[in-house]
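Colleague: I should be grateful for a close look at one part of this model, the surface where protein and DNA meet, together with the helix packing behind that surface.

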2 protein chains.
Amino acid sequence: MGVVRKTKSVVTVLNLFEESDYSLSAVRLVELLNKKMNKTTVYRIVERLKDEGILHSFAGKDGLTWYAKCKGCTSSNHVDSHPHFQCRECGKSECLSIDVQVPAISNHKVDSAELLLMGHCADCL
Amino acid sequence: MGVVRKTKSVVTVLNLFEESDYSLSAVRLVELLNKKMNKTTVYRIVERLKDEGILHSFAGKDGLTWYAKCKGCTSSNHVDSHPHFQCRECGKSECLSIDVQVPAISNHKVDSAELLLMGHCADCL
DNA sequence: AATTTAATGCAACTAAGTTGCATAAGCAAA
DNA sequence: TTTGCTTATGCAACTTAGTTGCATTAAATT
């Protein structure tokens with residue numbers, strides 16, 4: 001597990017997440033950054049930032065991978081109950097700061113939960 | 001929206017879901033049925049059964065689409081709070097019969113929720 | 001049995017994400 | 001500030017999930 005270097009590309013990606021309140025899909029990131037860096041680079045950066053606990057990812061309803069800033073996560077200690085909201089209309093996804101209590105299941109070890117809410121966002125109502 | 005015919009292929013797919021307690025990913029279905037029918041057919045059947053309210057689908061952590069039998073769903077009335085469990089070890093996914101209360105969010109219209117629990121299943125513990 | 005309409009197979013395609021490898025750029029120590 | 005090591009990037013080619021168009025086949029209905 002390598003050290004993350006603060007390259008121009010890494011800074012560019014981080015800035016995008018600073019600017020945005022929303023989560024971003026890998027596809028959207030590639031689209032936004034296609035003038036500035038290679039698609040492979042985008043995928044690799046975002047995976048690296050995930051390993052570092054700076055971003056977290058989740059699968060949207062469409063199966064696409066979405067990334068968002070972690071609030072209060074480090075690489076060693078991950079807060080895993082991340083509720084997300086995705087708009088059926090525009091597809092945009094947001095991080096919610098609601099706490100989700102993870103139900104226990106017999107004979108299973110549950111170590112994280114992903115709650116994805118679907119509906120219509122403020123813009124699309 | 002056409003009528004669903006009880007073709008040999010449809011019956012075969014339904015039997016698979018009868019036999020299994022677990023959900024099945026589209027990929028796994030294609031794999032299991034590759035001797036009996038075409039990959040395209042699998043995808044189309046499973047979509048049709050979803051429209052009919054016989055199956056429901058959700059995105060696993062890996063982004064793959066999973067299908068499972070609906071309990072108490074019809075095409076007109078869908079019970080949308082479906083918690084699922086996916087094993088990090090073997091990847092298998094199960095339907096849970098726990099009720100999930102969907103949190104409300106201001107300025108948003110939430111119409112369904114997907115709760116995906118991750119961890120280790122009975123077999124992999 | 002004839003007819004209609006939905007279902008299937010096939011091949012070609014799209015799109016997300018990955019891999020290997022050569023080159024470039026960070027970073028630390030001298 | 002240069003040297004040298006290691007990580008990061010670009011590029012092209014690849015893999016894999018899922019889709020589409022179209023000709024053919026098989027349900028269902030009469």
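Modeller: The account below takes the two DNA strands in turn and then the helix pairs.

This is a predicted model, in which local features need pLDDT of at least 70, side-chain atom pairs count only at pLDDT 80 or more, and totals for chains, interfaces and linings use all residues. Residues are numbered from 1 along each chain as its sequence is written, chains are lettered from A and ligands numbered from 1 in the order in which they are written, and side-chain values use heavy atoms, with hydrogens and water left out.

Around DNA strand C there are 22 residues, of which Arg5(B), Thr7(B), Thr41(B), Arg44(B) and Arg48(B) come nearest; a residue is near a strand if one of its heavy atoms lies within 4 Å of it. Of the strand C atoms within 4 Å of the protein, sugar or phosphate holds 59%, and bases hold the rest. Three polar contacts to bases can be described, a polar contact being a pair of N or O atoms within 3.5 Å; within protein, one must be able to donate a hydrogen and the other to accept it, and residues adjacent in sequence count only if both atoms are side-chain atoms. The side chain of Arg5(A) places an N or O atom 3.3 Å from a base nitrogen of strand C. Thr40(A) has a polar side-chain atom 3.4 Å from a base oxygen of this strand, while the corresponding distance from Thr40(B) to a base nitrogen is 3.4 Å. Two or more residues of the surface near strand C are given by each of H2 and H3 of chain A and helix H3 (39-51) of chain B; helices (H or I, at least four residues) and strands (E, at least two) are DSSP runs, numbered from the N terminus. The largest share, five residues, comes from H3(B). By class, this surface has eight nonpolar, seven polar and seven charged residues, where Ala, Val, Leu, Ile, Met, Phe, Trp, Tyr, Cys and Pro count as nonpolar, Asp, Glu, Lys and Arg as charged, and the others, Gly among them, as polar.

DNA strand D also has 22 residues around it, and Thr7(A), Thr41(A), Arg44(A), Arg48(A) and Thr65(B) come nearest. Sugar and phosphate make up 58% of the strand D atoms that come within 4 Å of the protein. A base oxygen of strand D lies 2.9 Å from a polar side-chain atom of Arg5(A). Phosphate oxygens of strand D are approached by Thr41(A), with a polar side-chain atom at 2.5 Å, and by Thr65(B), with a side-chain N or O atom at 2.9 Å. H3(A) gives the most to the surface near strand D, with five residues.

Turning to the helix packing, H2 (residues 26-33) and H3 (residues 39-51) of chain A pack at about 130°, with axes 9 Å apart; axes are lines fitted to C-alpha atoms, for helices over the stretch in contact, and angles run from 0 to 180 degrees between N-to-C directions. H2(A) and H3(A) are therefore oblique to each other, since angles under 35 degrees count as roughly parallel, over 145 as roughly antiparallel, 65 to 115 as roughly perpendicular and the rest as oblique. Ala26(A), Leu29(A), Val30(A) and Leu33(A) of H2(A) make the contact with Lys39(A), Val42(A), Tyr43(A) and Val46(A) of H3(A), contact meaning heavy atoms within 4.5 Å. In chain B, H2(B) and H3(B) pack at an angle of about 130°, their axes 9 Å apart.
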